Amino acid sequence: MVEVTGDTVISAISTKIYSSFSPAPKIYKDQVEQGLIKPCFFISCISQTQERIAPNWFKRTAMMEVRFHPTEGTNKYAQCRAIGEKLLEVLDSVDLPNTLINCPTLPCWGRNLEYKIRDEVLVFYVTYDFKVKKVVVADTAMNSLELNL
């Protein structure tokens, strides 16, 4: 069974963005050390919670942040607004590995989709809820133990 984590959600968002924009944008996970290529996206999991819903079953909530840095020398605010509107559509759902039934992926619907433009950078927020199952590995029984006194 595949475990769904914040990194799994980042990968799903990255795949969705990559396939929805042409030409394909540069996408960074979390941050870039040097050599930023614009236009580009940064995707981060900024918060994650977990709540038990049954023995070995949990509901996880991942709050994601997607930042878009527009091309230099353009109307950055207009470019950010256009990208923000498109992300409202594109990130409405992402495909996550399935942990519930025999199917490779399931759509995970976003909620609280919101974007803001700060200092000529688009900051987009979306929250995804998904269920995960804790896989319990049975303890291996010990062989008999002899005690010599």
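Let's start with helix α2, residues 76–90. It has 15 residues and reaches 20 Å from its first C-alpha to its last. That is close to the 21 Å expected at 1.5 Å a residue. Seen down the axis of α2, the buried residues fall within an arc of 125 degrees, so they line one face of the helix. Which residues of α2 are buried? They are Lys76, Cys80, Ile83, Gly84, Leu87 and Val90.

A word on what you are looking at. This is a predicted model. The mean pLDDT of the protein chain is 86. Of its residues, 86% reach 70 or more. Where pLDDT is low, the predicted coordinates should not be read in detail. Now go element by element. Which has the highest mean pLDDT, and which the lowest? The highest is α2, at 97. The lowest among the elements is strand β4, residues 93–97, at 89.

Next, the layout. The protein chain has two helices and six strands. From the N terminus on, the order is α-β-β-β-α-β-β-β.

How is the chain put together? Take contacts between residues at least 6 apart in sequence. Of these, 56% join residues at least 24 apart. The chain has 149 residues, and 34% of them count as buried. Its accessible surface comes to about 9,600 Å². Carbon and sulfur atoms account for 51% of that surface.

Over to the other helix. Threonine 8 is found in α1, residues 6–20. Is threonine 8 buried or exposed? The cut-off for buried is under 20% relative accessible area. Threonine 8 has 18% relative accessibility, so it counts as buried. What does threonine 8 touch, leaving out residues up to four places away in sequence? The answer is Glu3, Leu96 and Pro97. Leu96 and Pro97 fall within strand β4, residues 93–97. So keep that strand in view when you look at threonine 8.

Last, the cysteines. How many disulfides does the structure hold? Zero. Cysteine 80 is buried, with a relative accessible area of 0%. Cysteine 80 also takes us back to α2, where it is one of the buried residues. Cysteine 108 is buried as well, with a relative accessible area of 5%.

To recap. Two helices, six strands. In α2, the buried residues line one face. In α1, threonine 8 is buried and touches Leu96 and Pro97, among others. Cysteines 80 and 108 are buried, and there are zero disulfides.

Definitions and conventions: Residues are numbered from 1 along each chain as its sequence is written. This is a predicted model: local features need pLDDT of at least 70, side-chain atom pairs count only at pLDDT 80 or more; totals for chains, interfaces and linings use all residues. Side-chain values use heavy atoms; hydrogens and water are left out. Helices (H or I, at least four residues) and strands (E, at least two) are DSSP runs, numbered from the N terminus. Buried means under 20% relative accessible area, exposed over 50%, partly exposed in between (1.4 Å probe, protein chains only). Contact means heavy atoms within 4.5 Å. Accessible areas come from the Shrake-Rupley method with a 1.4 Å probe; for residues, only the protein chains shown count as cover. The expected span of a helix is 1.5 Å times one less than its number of residues. The arc is that of the directions from the helix axis to the C-beta atoms. A disulfide is a pair of cysteine sulfur atoms within 2.5 Å. pLDDT is the predictor's confidence in each residue, from 0 to 100.
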